[in-house]
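Thanks for sharing this one. Could you keep the viewer open while you go through my notes?

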Number of protein chains: 2
Amino acid sequence: MKNVIVGQSGGPTAVINGSLYGVVKEALSHGAEIGHVYGMIHGIEGFLQDKYMDMGEELTAEELELLKLTPAAYLGSCRFKLPEDLTASFYKTIFEKFEALNIGYFFYIGGNDSMDTVSKLSRYGAQTGSDIRFIGIPKTIDNDLTLTDHTPGYASAAKYVASTVREIVLDASVYQQKAVTIIELMGRHAGWLTAASVLARKHEGDNPVLIYLPEADFEMEHFARDLEAALKKQNCVIVCVSEGISDSKGTFICEYGDEALVDSFGHKMLTGCGKVLENFVRNRFGVKVRSVELNVSQRCSGMAVSAVDVEEAAQAGSCGVQAALAGETGKMIAFVRVSAEDGDYRMECRTVDVNQVCNQEKPVPMEWITGDSNDISDAFIQYARPLIQGEPQRVMEDGLPKYLYRK
Amino acid sequence: MKNVIVGQSGGPTAVINGSLYGVVKEALSHGAEIGHVYGMIHGIEGFLQDKYMDMGEELTAEELELLKLTPAAYLGSCRFKLPEDLTASFYKTIFEKFEALNIGYFFYIGGNDSMDTVSKLSRYGAQTGSDIRFIGIPKTIDNDLTLTDHTPGYASAAKYVASTVREIVLDASVYQQKAVTIIELMGRHAGWLTAASVLARKHEGDNPVLIYLPEADFEMEHFARDLEAALKKQNCVIVCVSEGISDSKGTFICEYGDEALVDSFGHKMLTGCGKVLENFVRNRFGVKVRSVELNVSQRCSGMAVSAVDVEEAAQAGSCGVQAALAGETGKMIAFVRVSAEDGDYRMECRTVDVNQVCNQEKPVPMEWITGDSNDISDAFIQYARPLIQGEPQRVMEDGLPKYLYRK
C-alpha cells in the first residue's frame with residue numbers, strides 16, 4: 001500500500017481547494033490501495049523543507065466540506081521552477097523524500113509552471129525506474145492551458161468579472177453627465193478573463209461597449225477613435241481592457257505610465273494600463289473618467305463562485321486519483337465538452353500528455369475578437385455562459401463567509 | 001387626494017433602491033390618501049427638466065420586488081446643490097412643478113447634500129404656506145450622518161469590505177515570502193468603512209493587523225515603525241487605510257503622489273494613497289508589496305448585501321411615508337438601537353429635524369481608534385457586527401444576478 005502526496009502551486013483561484021478536496025476525498029475512498037494522504041505545505045518548495053500535513057488524519061469530515069468552498073490555496077503555494085538538468089542533485093533529494101514517505105501517487109494542482117514540475121518529475125521518475133505516478137490537476141483563472149476545453153478556476157473568475165462589470169455599469173449610469181469608466185482586468189498574455197466582461201451585457205449596444213484583449217494590437221489613436229464614436233451614441237461608456245494590452249511595437253500600454261512616473265521621493269512608480277488610459281482620456285476628451293482595477297479579487301473572491309466550476313474542479317481532482325490508480329503517469333487531467341443531444345452543456349475528463357501542456361499558452365481565438373478588435377463574438381458567449389452557472393450554498397458565520405484556515 | 005414624488009441623490013449604494021421600494025410600496029398601500037407615486041429621474045436636477053416616471057403605473061409587482069435588490073440608483077441620481085437664497089427663482093419654478101403634478105408628499109433618498117435639499121425645500125414651503133410635506137430618507141455608505149445610529153447602505157458596504165478583506169488575506173497568505181498588501185478603502189473624512197475591515201479578523205493578531213482611519217493623523221515614519229514591528233511578527237502583513245488619511249499638516253497622503261506624478265505625455269496623474277504607500281514600502285523595506293483599491297464595488301456590489309441593511313432601508317422608506325401622512329415635514333428618518341432584554345439587536349425608526357443633520361459629519365469616535373492609532377476597538381465590533389447579518393435571496397439569470405433596469 002502506497003501513500004499520496006498532493007500540492008498546490010502558482011496563483012490562487014476560487015476553486016483550487018475544490019480540486020484539493022476532490023483528490024483527498026477520492027484518495028481516502030480507496031483505503032485498500034492508498035494509505036496516507038499527505039498535503040505539501042507551500043508546494044514543492046515547502047516539501048523540500050519537509051513541510052507537509054496528513055490530510056486524512058488532521059481534517060474532520062466537516063472541515064473537508066468547508067475546504068471545498070474556501071478560496072485561495074489552503075496548503076499554501078509557491079513559485080518554484082525545477083532545474084532543467086534532470087541530473088541535478090535536487091531530483092535525487094526529492095525522490096529520497098518521496099521514498100521516506102512511501103509515496104506512490106503525486107498530484108500537483110496548478111497552471112503552466114506546475115505542469116512543468118509534473119513533466120520533469122515524471123521524466124526523472126521514468127529514467128530512474130521509479131514507480132511513483134505523477135499527475136497534474138489543471139487550475140488557472142487565465143484559462144490559457146492547451147489541450148483542455150477550459151480550466152478549473154476560470155469560470156468563477158469569469159463570473160466574478162461579469163457580475164462586477166454589470167454592477168459597475170449600474171453605478172456609472174446614475175448620472176446624466178458624459179463619463180468614461182475603464183475597467184482593467186487580469187490577463188497578461190491571454191484575454192479570456194477580459195472577454196468574459198461581454199457576459200455583463202443585457203442587450204445589443206449595452207455596456208461594456210468597448211473590450212480590448214492582449215491578443216490584438218492596441219493603438220492609442222485607434223482607441224481614441226473608438227471612444228469618440230461611442231461617446232456620440234451614449235453618455236456612459238464602459239471600457240474593459242486586459243492588463244497586458246500592448247501596441248504594434250510590442251510595448252505594454254502600462255509601460256507608457258511607468259516610463260515617467262516618479263513620486264515625490266524620486267522613486268519610480270508602477271501603474272496599470274487602466275491608469276494610463278484614464279489619464280489619456282481625461283486629457284484628450286476632457287470628460288469625467290475613472291479607472292477601476294478589479295485586482296486580486298478576480299482570483300480569490302468566493303462571492304461569485306460558479307457551481308459548475310467548483311464541481312468540475314473537484315471532479316478533476318478525483319479523476320486524477322482514478323487515472324493514477326489505473327497506472328497513468330506524466331499526464332494532466334483535461335476537460336472535453338461533449339455535445340449532448342438535448343443541447344445541454346456536458347463535460348468529461350480525459351488525460352493528456354503533460355509534456356504537451358507545460359510551457360504552452362492558449363490565446364483567445366482571433367475569430368472571437370470582432371468589431372474593430374474592440375468586441376467579442378457570440379461564439380465566445382456560447383462557450384463561456386454554460387461555465388458560470390449555479391451558485392453553491394456557502395457557509396456563513398457572523399455575517400461573513402466561513403472559510404477553512406490551516407492551523 | 002395628493003400625489004407622491006420620490007427621488008434619489010448622491011452616490012449609489014447597494015440598498016438605496018431598497019428605500020425606494022419602501023417608499024413606493026408603502027405609498028401604494030395608502031390608496032385612500034395617495035394617488036400617483038412619481039419618481040424623479042436623476043433627482044431634483046432631472047425633475048427640473050420634467051423627467052419623471054409613474055412608479056405605480058410603470059412597474060409590475062415582480063419588477064418592484066426586483067428593484068428591492070438592485071444596487072445603485074434605479075431612478076438615476078444627481079449632485080445638485082440648491083441655491084442658498086430662498087428667494088431665488090429656482091424655488092418658485094420647482095414649486096410650480098410640484099403644483100402641476102398635485103404633489104403632497106416629497107421624499108428624497110440621500111446623504112448630507114440631499115438632506116440640505118430637503119431642508120431648503122421645507123423651509124421655502126413653510127415660508128410660502130405650502131402644504132407639501134418634505135421628508136429625507138438617509139443613505140450613505142460613509143455612515144457619517146448625525147442623529148442616527150447608522151445609515152442604510154453602510155452595512156452592505158461594510159459587509160463587502162469585511163468579506164473582501166478576508167479573501168485578500170487568504171490570497172496574500174499563500175506564499176512563504178515576506179509580503180505587504182495595502183488595501184485602500186473609501187472614506188474621505190470618516191473612517192467607518194475602513195473600520196469595518198477589522199470584522200475580517202478571525203482571531204487576535206490575525207490580518208488586517210494595521211488599520212488607519214482619517215480621524216487620526218497619519219505620519220509616514222510612524223507607519224514605517226508600525227510596519228517594521230508587524231513584519232517581525234509575521235511574513236504576511238495586510239494594511240487597511242482610508243482614502244482620506246492625512247498627516248498632521250493636513251496634507252492628504254494621496255497628494256504626495258499627485259505632486260510629482262507626470263506621465264509620458266507630460267500630464268499630471270492622479271493616484272490614491274494606497275499607491276503612495278505601496279511605493280514607500282517598496283523603497284523603504286524592499287519587500288514584495290501590492291496595493292489594492294476596492295473602488296466603486298464597495299458602494300455598488302450586490303454580492304455582499306446584508307439582509308438587515310436591505311430590510312432597514314425599506315423600513316426607512318415606509319416610515320418616511322407614514323411620517324408624512326401623519327403630518328410631519330422637514331424631517332429625516334433616523335435609526336435608534338433599542339436595547340432588547342435578550343441582548344439581540346433591534347432597531348426602531350424615529351424622525352429628526354433635517355436641519356440638524358444636513359451639512360454635518362459624524363466621525364468614528366476617537367475612543368474606538370486604539371493601539372497606536374492603528375487599530376479598532378471591540379466596541380466598534382459590537383456596534384457593527386449586528387448590521388452585517390443575513391443574506392437576502394438574490395434572483396439569478398444566466399448565471400448572473402438579475403437586476404431591474406430603467407427602460
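Here are my numbered points, going from the whole chain to single residues.

1. Ground rules. This is a predicted model, in which local features need pLDDT of at least 70 and side-chain atom pairs count only at pLDDT 80 or more, while totals for chains, interfaces and linings use all residues. Residues are numbered from 1 along each chain as its sequence is written, and chains are lettered from A and ligands numbered from 1 in the order in which they are written.

2. Overall build of chain A. You will find 14 helices and 15 strands in chain A; helices (H or I, at least four residues) and strands (E, at least two) are DSSP runs, numbered from the N terminus. The C-alpha trace of chain A spans about 70 × 50 × 45 Å along its principal axes. Its radius of gyration is 23 Å, which agrees with the value near 22 Å for a compact globule of 407 residues. That radius is taken over C-alpha atoms, and the globule rule is 2.2 Å times the number of residues to the power 0.38.

3. Packing of chain A. Of its 407 residues, 56% count as buried. Here, buried means that 20 or more other C-beta atoms lie within 10 Å of the residue's own, exposed means 12 or fewer, and partly exposed is in between, with C-beta atoms placed from the backbone. Among contacts in chain A with a separation of 6 or more, 75% join residues 24 or more positions apart. A contact needs C-beta atoms, placed from the backbone, within 7 Å.

4. How the two copies relate. A turn of 180° and a shift of 0.0 Å along the axis lay chain B on chain A with an RMSD of 0.0 Å. That is the relation of a two-fold axis. The superposition is by least squares on the C-alpha atoms of residues with pLDDT of at least 70 in both copies.

5. The interface. Chain B and chain A each bring 61 residues to the contact. On the side of chain B that touches chain A, the elements supplying at least two residues each include α7 (154–172), α11 (273–285) and β9 (288–293) of chain B. The largest share, 9 residues, comes from α7(B). This side of chain B divides into 29 nonpolar, 19 polar and 13 charged residues; Ala, Val, Leu, Ile, Met, Phe, Trp, Tyr, Cys and Pro count as nonpolar, Asp, Glu, Lys and Arg as charged, and the others, Gly among them, as polar. The copies meet through the same surface, because 100% of the interface residues of chain B are also interface residues in chain A.

6. Helix α6 of chain B. This helix (residues 112–127) has 16 residues and reaches 23 Å from its first C-alpha to its last, close to the 22 Å expected at 1.5 Å a residue; the expected span is 1.5 Å times one less than the number of residues. Its buried residues include B:M115, B:V118, B:L121 and B:Y124. Among the elements covering the buried residues of α6(B) are α5 (89–100), β4 (103–110), β5 (133–138) and β10 of chain B. After the helix comes B:G129, with a positive phi near 70°.

7. The strands around β10 of chain B. How do β10 (residues 331–339) and β11 (residues 345–353) of chain B pair, parallel or antiparallel? They pair in the antiparallel sense over 9 bridges, where pairing requires that DSSP finds at least two bridges between two strands. B:A334 stands opposite B:R350, and B:V338 has B:R346 as its bridge partner. In the hairpin, which has 5 residues between the strands, B:G343 takes a positive phi near 80°. β10(B) also pairs with β5(B), in the parallel sense over 2 bridges, and B:I135 is partnered by B:K331 there.

8. Backbone spots to check. Most residues other than glycine have a negative phi, and most peptide bonds are trans. The bond from A:N207 to A:P208 is cis, with omega near 0°, and the bond from B:N207 to B:P208 is cis, with omega near 0°. A:A72 is not a glycine but has a positive phi of about 65°; A:A72 is buried, with 27 other C-beta atoms within 10 Å. A:L147 has a positive phi near 65° and counts as partly exposed, with 18 C-beta neighbours inside 10 Å.

Terms used:
Contact = placed C-beta atoms within 7 Å.
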